[in-house]
Amino acid sequence: MKDKIANLAAWFVGSVALVLADQYTKALAVTHLKGKGPCVILDGIFELLYSENRGAAFGMLQGRQGIFFLIGVIVLAVAAFVMYRLPSWRNQRFHWMKLCVILITAGAIGNMVDRISQGYVVDFLYFSLIDFPIFNVADIYVTVATALLMVLMFFYYHDEDMECLQLHRKEQTEKEETL
């Protein structure tokens, strides 16, 4: 049980630290970019440009804050379940997965805080070279973690590694069969 609490504590502390970093960058964007033109970092490639996103990625689902809140709650519930079920920190095989869960949680909470407090998400990072949608630090957390998690699931973890996340674990099923 001590290992489960340690997992949840690390998840909480890591997520809070990353959410604070995300919120800090958004506050800087509001202070220094709102109402101004783009701040060019690399001419024709990358710039800082304030934007208020009332939808999802690429501006989808504009004004549907309830859906985003529900998705955020589901993400948090799944993340808590995963962190609770993963082996202890002594098992280094799962460190990368735990990092992914922390990043996804922080990204979801970071944008949820904006949606609840302001009704929109502050975005400010823009790749003008490819006209990519404007995004923020929380979006980076989710994107990087999801990509890393996909690589881990395809190339690093095996089916037996994921047994700890099954709703009905193998050992429980075997115990029930012997009774």
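Which handedness, left or right, does the crossing of α3 and α4 have? In this predicted model, the crossing of α3 and α4 turns out to be left-handed. Before looking at that pair in detail, it helps to get a feel for the chain as a whole.

The protein chain contains 5 helices and 3 strands. Read from the N terminus, its elements come in the order α-β-β-α-α-β-α-α. Of its 179 residues, 34% are buried. The chain leaves about 10,800 Å² exposed, and 69% of that area comes from carbon and sulfur atoms. As for how the chain folds back on itself, take the contacts between residues at least 6 apart in sequence: 69% of these link residues at least 24 apart.

Now back to the helix pair. Two packed helices are described by the angle between their axes and the distance between the axes. Helix α3 covers residues 95-118 and helix α4 covers residues 137-155; they pack at about 150 degrees, and their axes lie 8 Å apart. Since angles over 145 degrees count as roughly antiparallel, α3 is roughly antiparallel to α4. On the α3 side, the residues that meet α4 include Trp-96, Met-97, Cys-100, Leu-103 and Ile-104. Among their counterparts in α4 are Tyr-141, Val-142, Leu-148, Leu-149 and Met-153. Sorted by class, this contact has 15 nonpolar, 4 polar and 1 charged residues.

Helix α3 also packs with helix α1, which spans residues 2-33. Here the angle is about 45 degrees, with the axes 8 Å apart. That angle makes α1 oblique to α3, and the crossing of this pair is right-handed. From α1, the contact draws on residues including Asn-7, Trp-11, Leu-18, Asp-22 and Lys-26. From α3, it takes in Lys-98, Val-101, Ile-102, Ile-109 and Asp-114, among others. By class, the α1 contact with α3 comes to 10 nonpolar, 7 polar and 4 charged residues. Some residues of α3 turn up in both contacts: Leu-103, Ala-106, Gly-110 and Asn-111 meet α4 and also meet α1.

One residue outside these helices deserves a quick look. Asp-131 sits in the loop between β3 (121-127) and α4. Although Asp-131 is not a glycine, its phi is positive, at about 50 degrees. Is this loop residue buried or exposed? Asp-131 has a relative accessible area of 55%; exposed means over 50%, so Asp-131 counts as exposed.

Key: Residues are numbered from 1 along each chain as its sequence is written. This is a predicted model: local features need pLDDT of at least 70, side-chain atom pairs count only at pLDDT 80 or more; totals for chains, interfaces and linings use all residues. Side-chain values use heavy atoms; hydrogens and water are left out. Axes are lines fitted to C-alpha atoms, for helices over the stretch in contact, and angles run from 0 to 180 degrees between N-to-C directions. Helices (H or I, at least four residues) and strands (E, at least two) are DSSP runs, numbered from the N terminus. Angles under 35 degrees count as roughly parallel, over 145 as roughly antiparallel, 65 to 115 as roughly perpendicular and the rest as oblique. A crossing is left-handed if the near helix is turned anticlockwise from the far one by less than a right angle, and right-handed if clockwise. Contact means heavy atoms within 4.5 Å. Ala, Val, Leu, Ile, Met, Phe, Trp, Tyr, Cys and Pro count as nonpolar, Asp, Glu, Lys and Arg as charged, and the others, Gly among them, as polar. Buried means under 20% relative accessible area, exposed over 50%, partly exposed in between (1.4 Å probe, protein chains only). Accessible areas come from the Shrake-Rupley method with a 1.4 Å probe; for residues, only the protein chains shown count as cover.
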